[in-house]
Amino acid sequence: MRVRAFFEPVRVALRNAPPGAVEFAVTPFVGAAAVALVNAVSVWVALGRPSRLGLRLQQHAFDALATWTVAAWLALVPVLLLAAAWWRERGVTDVRVAVGWRFRWLGWCSAGFAGTLAMRWILGDHLQHQADAFLEGRFSKVVFVALLLGSGFGILAAQLIGATARAISPRAAWLVALPALAALIANHCVLRDDYFNVHAAITWAAMTLFGAAFARPVAARLSRRSGALGMFVALLGMVVPPANDVRLALFREIGAVAPWVLARVVWQLPSVPAAAPGWLALRSEPVQASGRPLVEAPVVVLITVDALRADVVADPANAARLPNLTRLRNAGIYVPRAVAPGSQTAVSLSAMFSGRPFSGQHWTMHGEGSARFQYPATEQGVRF
């Protein structure tokens, strides 16, 4: 009886809520369906046919489950607002009338500020860099707040645009939904190897736009039982983490951001076996030496080249264009496979000179304007 009484505000608020509030809560789930479908197609296009079909099917299942779970988090704001409104107006006979106008203003404003806080966590570093680069650091705090509010309330704008289009006509809803689908597809085609934050922001905006365009007909067909089932599935996404091999498969497609979100917020660190399985072991090729062997006391000159792809040096077709690098490769020791500590210059070079990874160093902001970045300049460790 106590459990039932605890959920009574939510149940009554949803039953008596104005239509716009229910559509607001349903929007993330409708958008999640489009996100999961685009993710599944992108995995097959980008990664090709799998060597283990069962692993690929588990990857799709956990990606859809994680996407649904994140959608449930996004739906919490309107649901909690409805419950709070019910508590305040529980003495009024017609809850729908009492809640309607309050939700319209309180709901939209609260959703906008909630989106702003979420964008601070998602895009905070990127927006801060843009604010520092704009006008070379002048008024950077004002610019940062403006960018942050714009990104947060941009999600709210996507909700309003999609809902307005659906209210006009089904054709107008599709005119809005198609650009949202295009954005989800493009999200997998750009920045293929990094920038999880940017992928997350694009996914959130596109799924909101798509979901809002079709939330009204879906909300009209929802029952109390389907809502409970949806929340139960979302709970599974939080308490049932994938196995290690499935998790690694999920992270191969960075455009599918929901697993990355759960890995940072909910999932515990995976257990590492004593001996790595055969499919996980790195198949490093042996070092190939050519020319005369190294002398006993060589003079070592370290040359680093920023953003140089390894296959450019390895391809014999480029020998004429890169004669000096080709001569060094042929006369010395050439390692055909090496792994960089990170995808950024500062990360790789700082690890190279300190012998410690990015997570083992103290990084702080340095510089001014467009040159302001994080560097381990105050790191006290021994450098090479």
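**Exercise 1. A charge over a ring**

Task: Find what the charged end of Arg56 sits over.

Solution. Go to Arg56 and follow its side chain to the charged end, which sits over the ring of Trp44. From there to the centre of that ring is 4.8 Å. Keep in mind throughout that you're looking at a predicted model.

**Exercise 2. The cavity**

Task: Work out how many cavities of 30 Å³ or more there are, and which residues line the largest cavity.

Solution. Here's the idea to start with: rolling a probe the size of a water molecule over the atoms shows where empty space is left.

- Step 1: the count gives one cavity of 30 Å³ or more.
- Step 2: the volume of the largest cavity is about 50 Å³.
- Step 3: its lining is made by Asn39, Ala40, Val43, Gln59, His60, Asp63, Leu250, Glu253 and Ala256.
- Step 4: helix H2 (19-47) and helix H3 (53-74) are the elements that give two or more residues to this lining.
- Step 5: sort the lining residues by kind, and you get four nonpolar, three polar and two charged.

Hang on to Glu253, one of the lining residues. It'll turn up again in a later exercise.

**Exercise 3. Rings that pair up**

Task: Say how many aromatic pairs there are, then classify the pair Phe29 and Trp68 from the angle of its planes.

Solution. The count comes to eight aromatic pairs. For Phe29 and Trp68, the ring centres are 4.8 Å apart and the planes stand at 50°. Planes under 30 degrees apart would be stacked and over 60 edge-to-face, so this pair falls in the rest, tilted. Now look at where the partners sit: Phe29 belongs to helix H2 and Trp68 to helix H3, 39 residues apart, so the pair links distant parts of the chain. Phe29 is buried, because its relative accessibility is 16%, and the cut-off for buried is under 20%. Trp68 comes out as partly exposed at 27%.

Task: Do the same for Phe113 and Phe153.

Solution. The centres are 5.3 Å apart and the planes make 85°, which gives an edge-to-face pair. Phe113 is in helix H5 (residues 95-133) and Phe153 in helix H6 (residues 140-168), so parts 40 residues apart in sequence are tied together. Phe153 is partly exposed, with a relative accessible area of 28%.

One more thing to spot while you're on rings: Trp174, Phe210 and Phe214 make up one aromatic cluster.

**Exercise 4. Salt bridges**

Task: Count the salt bridges, then check which parts of the chain Asp132 and Arg372 link and whether each partner is buried or partly exposed.

Solution. There are five salt bridges in the structure. In the one between Asp132 and Arg372, the closest N and O atoms are 3.6 Å apart. Asp132 is in helix H5, while Arg372 is in the loop between strand S3 (364-366) and strand S4 (373-375), 240 residues apart. Asp132 counts as buried at 5%, but Arg372 is partly exposed at 28%.

Task: Find the salt-bridge partner of Glu253.

Solution. Here's our cavity-lining residue again. Glu253 meets Arg192 at 2.9 Å, N to O. The two come from distant parts of the chain, 61 residues apart: Glu253 from the loop between helix H10 (244-250) and helix H11 (258-265), Arg192 from the loop between helix H7 (170-189) and helix H8 (196-221). Glu253 is buried, with a relative accessible area of 1%, whereas Arg192 counts as partly exposed at 32%.

Task: Find the salt-bridge partner of Glu379.

Solution. Glu379 pairs with Arg356, at 2.6 Å from N to O. Glu379 is in the segment after S4 and Arg356 in the loop between helix H14 (345-354) and S3, 23 residues apart. Glu379 is buried at 16%, and Arg356 is partly exposed at 25%.

**Exercise 5. Positive phi in the loops**

Task: Locate Phe139 and Leu191, and give phi for each.

Solution. Phe139 lies in the loop between H5 and H6. Its phi is near 55°, a positive value in a residue other than glycine. Phe139 is exposed, at 59% relative accessible area. Leu191 lies in the loop between H7 and H8, and has a positive phi of about 50° although it isn't a glycine. At 40%, Leu191 is partly exposed.

Technical notes. Residues are numbered from 1 along each chain as its sequence is written. This is a predicted model: local features need pLDDT of at least 70, side-chain atom pairs count only at pLDDT 80 or more; totals for chains, interfaces and linings use all residues. Side-chain values use heavy atoms; hydrogens and water are left out. On a 1 Å grid over the protein atoms alone, a cavity is a set of points where a 1.4 Å probe fits but cannot get out, and a pocket is an open set with protein on both sides within 12 Å along at least five of seven lines; lining residues have an atom within 4 Å of a point. Grid points are joined across faces, edges and corners, and a volume is the space filled by probe spheres set on the points. Helices (H or I, at least four residues) and strands (E, at least two) are DSSP runs, numbered from the N terminus. Ala, Val, Leu, Ile, Met, Phe, Trp, Tyr, Cys and Pro count as nonpolar, Asp, Glu, Lys and Arg as charged, and the others, Gly among them, as polar. Rings of Phe, Tyr and Trp (its six-membered ring) pair if their centres lie within 6.5 Å; planes under 30 degrees apart count as stacked, over 60 as edge-to-face and the rest as tilted. Buried means under 20% relative accessible area, exposed over 50%, partly exposed in between (1.4 Å probe, protein chains only). A charge sits over a ring if NZ of Lys or CZ of Arg is within 6 Å of the ring centre and within 35 degrees of the ring normal. A salt bridge is a side-chain nitrogen of Lys or Arg within 4 Å of a carboxyl oxygen of Asp or Glu.
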